[in-house]
Amino acid sequence: MAKIYYGCDEVTKGWSRYFDLCTLLEVPHGAKPPSVKTLNTWRVDSPKGFCFAIHVTDVFIAELVKAGDSGASTLTEAMREAWNETIERASALAAKAIIFHTPFGFNPSDNTRALIRAIGDELATDAKQVVIWESEGVWPVEESMQLCIDHGLTYMVDPFLLREDDVEPIGPDRAYSITERGGMRRSFDQFDFEDLVDSTTSANRVFALLRGQYKWRHARELQQVLKEG
């Protein structure tokens, strides 16, 4: 079985309680990101083996989207500078994963695929962290997973949607986003997470990001499955 890290994107009832429940914290960037000093404190105060998954800076995403819109296919100096800032923040946190999220509007094309390849070939290759790409929009899942594997990235997917579509996740590392979905099943139980854990035997590491209304329930369910496994 793979090493499975799971957790949410906020700490609501204190660090001690969070560390008892989860093994991962997703750290968004946002308008008021934690300082490098704060990230260092989190690293020092976290248990051995705890996983932080930190997002790239907002500037990096803004520059990536701008490049995509302009038809560019190479990384800009502004993107490299923003990436270096991300690496500094990830190092302060001793993060195990870096996440970059492309929004709606950043759609598949020759130049946007070239930009993703460049992130993998020129930035992720020197990173100590697993670099995870999460996309919105019309990126085909199987094509995107293969693109990531070919260029040293890990593609984030909804594992339960993959199962419904009879698609097998691939790659040495897996990144899962687990949340409710409009018009579909909204929460998952222990049996679902047992199936999910059983499907990870060929992976090295799994980063399960629990989001949305039912994230704390999902954390408890997944914790129980892992304890019993």
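A residue counts as exposed when its relative accessible area is over 50%, as buried when that area is under 20%, and as partly exposed in between. In this predicted model, Asp-166 has a relative accessibility of 69% and therefore falls in the exposed class. Asp-166 sits in the loop that runs between helix H7 (159–164) and strand E7. Its backbone also deserves a look, since Asp-166 adopts a positive phi of about 60° without being a glycine. Most residues other than glycine have a negative phi.

A second loop residue invites the same kind of inspection. Ala-94, again not a glycine, has a positive phi of about 55°. Ala-94 is found in the loop linking helix H4 (77–93) to strand E4. With a relative accessibility of 42%, Ala-94 is classed as partly exposed.

Attention can now turn to the strands that follow these two loops. Strand E4 spans residues 97–102 and includes Thr-102. Thr-102 has a relative accessible area of 0% and is therefore buried. What joins the side chains of Thr-102 and Trp-133? The link is a polar contact of 3.0 Å. Once neighbours within four places in sequence are set aside, the contacts of Thr-102 comprise Leu-64, Trp-133, Glu-134, Ser-135 and Glu-136.

Strand E7, covering residues 173–178, holds Ile-178. Ile-178 is likewise buried, because its relative accessible area is 0%. Residues up to four places away in sequence aside, Ile-178 touches Pro-159, Phe-160, Phe-188, Phe-193, Leu-196, Ala-208, Leu-209, Leu-210, Arg-211 and His-218. For a sense of scale, Ile-178 and Phe-19 lie 159 residues apart along the sequence, while their C-alpha atoms are 19 Å apart in space.

Two helix pairs complete the picture. In one of them, helix H3 (residues 58–70) meets helix H5 (residues 110–123), with axes that come within 9 Å and cross at roughly 140°. That angle makes H3 oblique to H5. The crossing of H3 past H5 is right-handed. On the H3 side, the contact is formed by Phe-60, Leu-64, Ala-67 and Gly-68, and on the H5 side by Asn-111, Thr-112, Leu-115, Ile-119 and Leu-123. Sorted by class, this contact contains six nonpolar residues, three polar residues and no charged ones. Leu-64 thus links two parts of this account: this residue of H3 takes part in the contact with H5 and is also among the residues in contact with Thr-102.

In the other pair, helix H8 (residues 190–198) packs against helix H9 (residues 215–228) at an angle of about 55°, and their axes are 9 Å apart. H8 is therefore oblique to H9. H8 and H9 also form a right-handed crossing. Which residues of H8 and H9 meet? From H8 come Gln-190, Phe-193, Glu-194 and Val-197, while H9 supplies His-218, Glu-221, Leu-222, Gln-224, Val-225, Leu-226 and Glu-228. By class, five of the residues in this contact are nonpolar, three are polar and three are charged. Phe-193 and His-218, from H8 and H9 respectively, are also among the residues that Ile-178 touches.

Note on methods: Residues numbered from 1 in each chain as written. Predicted model: local features only at pLDDT ≥ 70, side-chain atom pairs only at ≥ 80, totals over all residues. Heavy atoms only, no water. Axes fitted to C-alpha atoms, helices over the stretch in contact; angles between N-to-C directions. Helix = DSSP H or I, 4+ residues; strand = E, 2+ residues; numbered from the N terminus. Parallel < 35°, antiparallel > 145°, perpendicular 65-115°, else oblique. Left-handed = near helix turned anticlockwise from the far one by under 90°. Contact = heavy atoms within 4.5 Å. Nonpolar A, V, L, I, M, F, W, Y, C, P; charged D, E, K, R; others polar. Buried < 20%, exposed > 50% of the residue type's maximum accessible area, 1.4 Å probe, protein only. Polar contact = N/O pair within 3.5 Å; in protein donor to acceptor, adjacent residues only side chain to side chain.
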